[in-house]
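Let's take a friendly walk through this model, starting with its cysteines. Please have the sequence and the structure open as you read.

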Amino acid sequence: MVPAEPFPNGISRYAIGGLLVGLGAVIIYLGTGIAAGASTFLESTLSYVSEQSRFQRYLGSRDWRVVFTLGIVLGGAIYAVVWQGGAWTTEVQPWRLLVGGILVGIGTRVGKGCTSGHGVCGVGSASRTSIVGVITFLSVAIVTAQLVQVAGVSP
């Protein structure tokens, strides 16, 4: 079902959120010289417990990546508690969340990055690779959502 208007709660919250995400990306880049992105979090975190070479590529940046990821999770939790009056909940079945997470993880490896890295930092840097990646992400997401809706799948 498509809402009668695209932004039924107003556009300001989306504009403010976008500005804050962009500001965060700028601060991370100025502070570290590294484009912000979440897809390398797992590999960099595994460097704490594994000596495999593929997990050692991010030794110099793994600490800020942990802080970055915790900030994403805690930011969402704080928003839910302060402005929504309680913990975030979903009607989506846990197995669907798990399968979706695995598919997103595979996609970030195949796409050589995540939507946050490509969409915020890559497009902001006018990277052709990132622009093509974001167009691909969005196209596949739109087509998938439409197919799922037509198939009558619900949470």
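## Cysteines and disulfides

A disulfide here is a pair of cysteine sulfur atoms within 2.5 Å, and by that rule the count is 0. Why is there no bond between Cys114 and Cys121? The closest cysteine sulfur to that of Cys114 is in Cys121, 8.6 Å away, which is too far for a bond. Looking from the other side, Cys121 has its closest cysteine sulfur in Cys114, at 8.6 Å.

Are these two cysteines buried or exposed? Burial is judged by relative accessible area, with a 1.4 Å probe and protein chains only: buried is under 20%, exposed is over 50%, and partly exposed lies in between. Cys114 counts as buried at 9%, and Cys121 is buried too, at 13%.

## Model and confidence

This is a predicted model, in which local features need pLDDT of at least 70 and side-chain atom pairs count only at pLDDT 80 or more, while totals for chains, interfaces and linings use all residues. Residues are numbered from 1 along each chain as its sequence is written, and side-chain values use heavy atoms, with hydrogens and water left out.

The predictor's confidence in each residue is given as pLDDT, from 0 to 100. The protein chain has a mean pLDDT of 83, and 97% of its residues reach 70 or more. Where is confidence lowest, and where is it highest? The lowest mean, 76, belongs to helix H2 (residues 41-46), and the highest, 90, to helix H7 (residues 128-151). As a reading tip, predicted coordinates should not be read in detail where pLDDT is low.

## Overall architecture

Helices (H or I, at least four residues) and strands (E, at least two) are DSSP runs, numbered from the N terminus. The protein chain has 7 helices and 0 strands, so its elements read α-α-α-α-α-α-α from the N terminus on. Its C-alpha trace spans about 50 × 35 × 30 Å along the principal axes. Of the 155 residues in the protein chain, 19% are buried.

## Helix H5 and what follows

Does the span of H5 agree with expectation, or disagree? The expected span of a helix is 1.5 Å times one less than its number of residues. For the 17 residues of helix H5 (residues 94-110) that should give 24 Å, and the end C-alpha atoms are indeed 24 Å apart, which agrees.

Val110 lies in H5 and counts as exposed, at 66% relative accessibility. Its C-alpha atom is separated by 35 Å from that of Pro8, 102 residues apart along the chain. H5 is followed by Lys112, which has a positive phi near 55 degrees.

Ala126 also has a positive phi, about 60 degrees, although it is not a glycine. Ala126 sits in the loop between helix H6 (115-124) and H7, and counts as exposed at 56% relative accessibility.

## A nonpolar patch

Which residues make the nonpolar surface patch of about 750 Å²? They are Leu70, Leu74, Ile78, Tyr79, Val81, Val82 and Trp83. Patch residues have over 30% relative accessible area and no salt bridge (a side-chain nitrogen of Lys or Arg within 4 Å of a carboxyl oxygen of Asp or Glu). Like charges are joined within 9 Å, and nonpolar side chains (Val, Leu, Ile, Met, Phe, Trp, Tyr) within 5 Å. The accessible areas come from the Shrake-Rupley method with a 1.4 Å probe; for residues, only the protein chains shown count as cover.

Leu70 lies in helix H4 (residues 62-83) and is partly exposed, at 47%. Val81 is found in H4 and counts as exposed at 52%. Val81 and Thr144 are 63 residues apart in sequence and 31 Å apart in space, C-alpha to C-alpha.
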